[in-house]
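User: Could you take a close look at one part of this model for me, the cavity and whatever surrounds it? I'd like the cut-offs spelled out as you go.

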Amino acid sequence: MVAVLAAVGVVAGFIDAIAGGGGLLTVPALLSAGLDPVAALATNKLQSSFGSFSAALTFARAGKMNWREAAPMAGASFAGAVAGASLIKAMPANLLAGIMPLLLIAVAIYFMASPRVSTEEGRARVSPRTFTFTVALGVGFYDGCFGPGTGSFFMIGFVSLLGLSIMRAVAHTKLLNFASNIGALLFFAFTGGIHLIIGVAMGLGQYAGARLGARMALRNGARIIRPLLVTVSCAMAARLLLDPANPLRNAVMSAIGTLFAAPSP
């Protein structure tokens, strides 16, 4: 079982390094292995931190990271994740699960249609400082308390608000995602629930897969990153909507049932 989970980590790390969304594979795999939901989320943070670190390191070595701007953003993402994880039980998870599919579909449409997504730098609409205390802090908080789509939300912020090229946006996303993973992981480390053997085994797989994915992204650029972002965002939205407990799904199904219900005699 551990070997299979490590293999899942390789595939998830590869996808995550390019477009995010590796949790689509790892969280269901951990639940299928018999971990309870809290342990699955805690262990997932451990293993995913290996992948985000590996990808961030690969992009940094390729010169795609502006450390002067990125370091404060990573700090804000870390702080936000700690706060989000500490409030995980108080957050309205059903509300977040209902909103997320709509946001992810919007992300997919943006990356599919926007001319701003390219290999060239664009015009920044906000300052790095503003981005740090809004997007970096807010998305980090979201990652600590919920998680799906974190990479996509960071990406759209870097491209649309800071005008980064898609390659630099991916690089900075991996760094901020690593910071939020570590922030949430520290909280779980103190509260328990981490399955260490599984987490490390999957983490080693994540490290290798993320390294391969980051190298492929560096070679192919927007040609591979853009379609994968669209595909992964749509897949995450579909997965959330297929959950029978999702409030948006239930609301839509209820509306359809009411619409087609036979009129009373």
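Analyst: Let's start with the walls: α1, α7 (150-160) and α8 (166-191) each put at least two residues into the lining of the largest cavity. Helices here are DSSP runs of H or I with at least four residues, numbered from the N terminus. The largest share, four residues, comes from α1.

Some ground rules: this is a predicted model, where local features need pLDDT of at least 70 and side-chain atom pairs count only at pLDDT 80 or more, while totals for chains, interfaces and linings use all residues. Residues are numbered from 1 along each chain as its sequence is written, and side-chain values use heavy atoms, with hydrogens and water left out.

Searching the whole structure turns up one cavity of 30 Å³ or more, and the volume of the largest cavity is about 40 Å³. A cavity is a set of points, on a 1 Å grid over the protein atoms alone, where a 1.4 Å probe fits but cannot get out; lining residues have an atom within 4 Å of a point. Points are joined across faces, edges and corners, and the volume is the space filled by probe spheres set on them. Among the lining residues are Asp 16, Gly 151, Met 155, Thr 173, Lys 174 and Leu 229.

Asp 16 deserves a zoom. It lies in helix α1 (residues 2-19) and is buried (under 20% relative accessible area, 1.4 Å probe, protein chains only). Even so, Asp 16 has no salt bridge, and the nearest side chain of opposite charge, Lys 174, is 4.2 Å away. For that label, a side-chain nitrogen of Lys or Arg must be within 4 Å of a carboxyl oxygen of Asp or Glu; as for charge, Lys and Arg count as positive, Asp and Glu as negative, and His and the chain ends are not counted.

What the Asp 16 side chain does reach is backbone: the nitrogen of Gly 21 at 3.0 Å, while the backbone nitrogen of Gly 22 lies 3.2 Å from one of its polar atoms. Leaving aside neighbours within four places in sequence, Asp 16 is in contact (heavy atoms within 4.5 Å) with Gly 21, Gly 22 and Lys 174.

For contrast, the salt-bridge count comes to one: Asp 143 and Lys 45 meet at 2.8 Å, N to O. Asp 143 lies in helix α6 (residues 128-145) and Lys 45 in helix α3 (residues 37-61), so the pair ties together parts 98 residues apart in sequence. Both Asp 143 and Lys 45 are buried.

Conventions. Buried means under 20% relative accessible area, exposed over 50%, partly exposed in between (1.4 Å probe, protein chains only). A polar contact is a pair of N or O atoms within 3.5 Å; within protein, one must be able to donate a hydrogen and the other to accept it, and residues adjacent in sequence count only if both atoms are side-chain atoms. On a 1 Å grid over the protein atoms alone, a cavity is a set of points where a 1.4 Å probe fits but cannot get out, and a pocket is an open set with protein on both sides within 12 Å along at least five of seven lines; lining residues have an atom within 4 Å of a point.
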